[in-house]
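Work through these exercises with the sequence and the model side by side. Try each task before you read its solution.

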Amino acid sequence: MATPAQPSPICMPSDSGPVVPTTPLVTFLERLQETALDTFGGKNFDPKLYVDLSLKSNLSTTQDAFDDLPRTPNGSVSASDLNGFIHRYLNGAEMDLVYAEPTDFVPEPEGFLPKVKNPEVRAWALEVHSLWKNLSRRVADGVLERPEFHTLLPLAKPVVVPGSRQPPLLSAMVYDIYNRIGDMEFARNSLPALVKEHKFWSSGVESFVSLAQSDQETASKLLSASEKHHLYRELASAAETGWDFSTRWMR
């Protein structure tokens, strides 16, 4: 009697599609990230920091300087040498975005909350509204002049920081509202938008920009390429949700 064939690992439908190649700059910053993990260890290593750094000079000069750093017999770089290299050749990610005065901001918009009469509540609401002005940013001139030095896209127009990504919280918000008001018609009317959002997050549109060495070590424990590919897609989805692993938004 023939031995039944073992089932192959199942790939999710959303796992289809090519992995988008990274740029030479991102490839180099991944090397820097891996070196930093080896130098500082897991407890003192911040994976969010390195892949958003920008260059002070051209990439080939930076790579040559990095390759010339003194290394121990096992290939490690000392913390002082690595920190010195970063300070000399790289800019912080926070320098890629600068404050931009929003030209259309109005401290008290016409018709703002007409049904709210309580002065304390109106004052609080206007205070919350004023936060939009503080969250406005534009891409720094250096990014527009030398985009190959940066991982941030050279956006031509200003942005509001919270609006730059869309966390997948719509279903949770609809659920909370329904539990509060019990409006089934509201829930039915929300369904098309919920389905659309779910299709997006299940479509596999995420591109893999970078993976920390710790993520690669996690993937190395998986047996099949399909399982690793699925893990990488989940990691990319986490970064794309808006709660991404970047120091660019930290002030």
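Buried means under 20% relative accessible area, exposed over 50%, and partly exposed in between (1.4 Å probe, protein chains only). Helices (H or I, at least four residues) and strands (E, at least two) are DSSP runs, numbered from the N terminus. The model is predicted: local features need pLDDT of at least 70, side-chain atom pairs count only at pLDDT 80 or more, and totals for chains, interfaces and linings use all residues. Residues are numbered from 1 along each chain as its sequence is written, and side-chain values use heavy atoms, with hydrogens and water left out.

**Exercise 1. Which residues are buried in H8?**

Step 1. Find helix H8 at residues 184-201.
Step 2. Apply the cut-off: Ser190, Leu194, Glu197 and Trp201 are buried.
Step 3. Recall the geometry. An α-helix has 3.6 residues a turn, so residues three or four places apart point the same way.

**Exercise 2. Compare the span of H8 with its expected span, then look for a kink.**

Step 1. The expected span of a helix is 1.5 Å times one less than its number of residues.
Step 2. H8 has 18 residues, and 26 Å is expected.
Step 3. From first C-alpha to last, H8 reaches 25 Å, close to that value.
Step 4. The bend at a residue is the angle between axes fitted to the seven residues ending there and the seven starting there. H8 has a kink of about 40 degrees at Leu191, shortly before the proline Pro192.
Step 5. Go to the start of H8. There a side-chain oxygen of Asp183 comes within 3.0 Å of the backbone nitrogen of Glu185.

**Exercise 3. Repeat the span check for H7, and say what follows the helix.**

Step 1. H7 covers residues 170-181, twelve in number.
Step 2. Its ends lie 17 Å apart, C-alpha to C-alpha, close to the expected 16 Å.
Step 3. After H7 comes Gly182, with a positive phi near 65 degrees.

**Exercise 4. Which residue has a positive phi although it is not a glycine?**

Step 1. Start from the rule. Most residues other than glycine have a negative phi, and most peptide bonds are trans.
Step 2. Leu113 has a positive phi of about 45 degrees.
Step 3. Place Leu113 in the loop between strand S3 (97-99) and H5.
Step 4. Leu113 counts as partly exposed because its relative accessible area is 35%.

**Exercise 5. Is Lys56 buried, exposed or partly exposed?**

Step 1. Lys56 sits in the loop between strand S1 (54-55) and helix H3 (59-67).
Step 2. The relative accessible area of Lys56 is 41%, so Lys56 is partly exposed.
Step 3. Now check a distance. Lys56 and Ile86 are 30 residues apart along the chain, and their C-alpha atoms are separated by 9.9 Å.

**Exercise 6. Place Pro47 and Leu155, and classify both.**

Step 1. Pro47 belongs to helix H2 (residues 47-50).
Step 2. Pro47 has 34% relative accessibility, so Pro47 is partly exposed.
Step 3. Leu155 is in the loop between helix H6 (141-145) and S5.
Step 4. Leu155 has a relative accessible area of 37%, and is therefore partly exposed.
Step 5. The C-alpha atoms of Leu155 and Val143 are 8.7 Å apart, with their positions twelve residues apart along the chain counted as separation.

Conventions. Polar contact = N/O pair within 3.5 Å; in protein donor to acceptor, adjacent residues only side chain to side chain.
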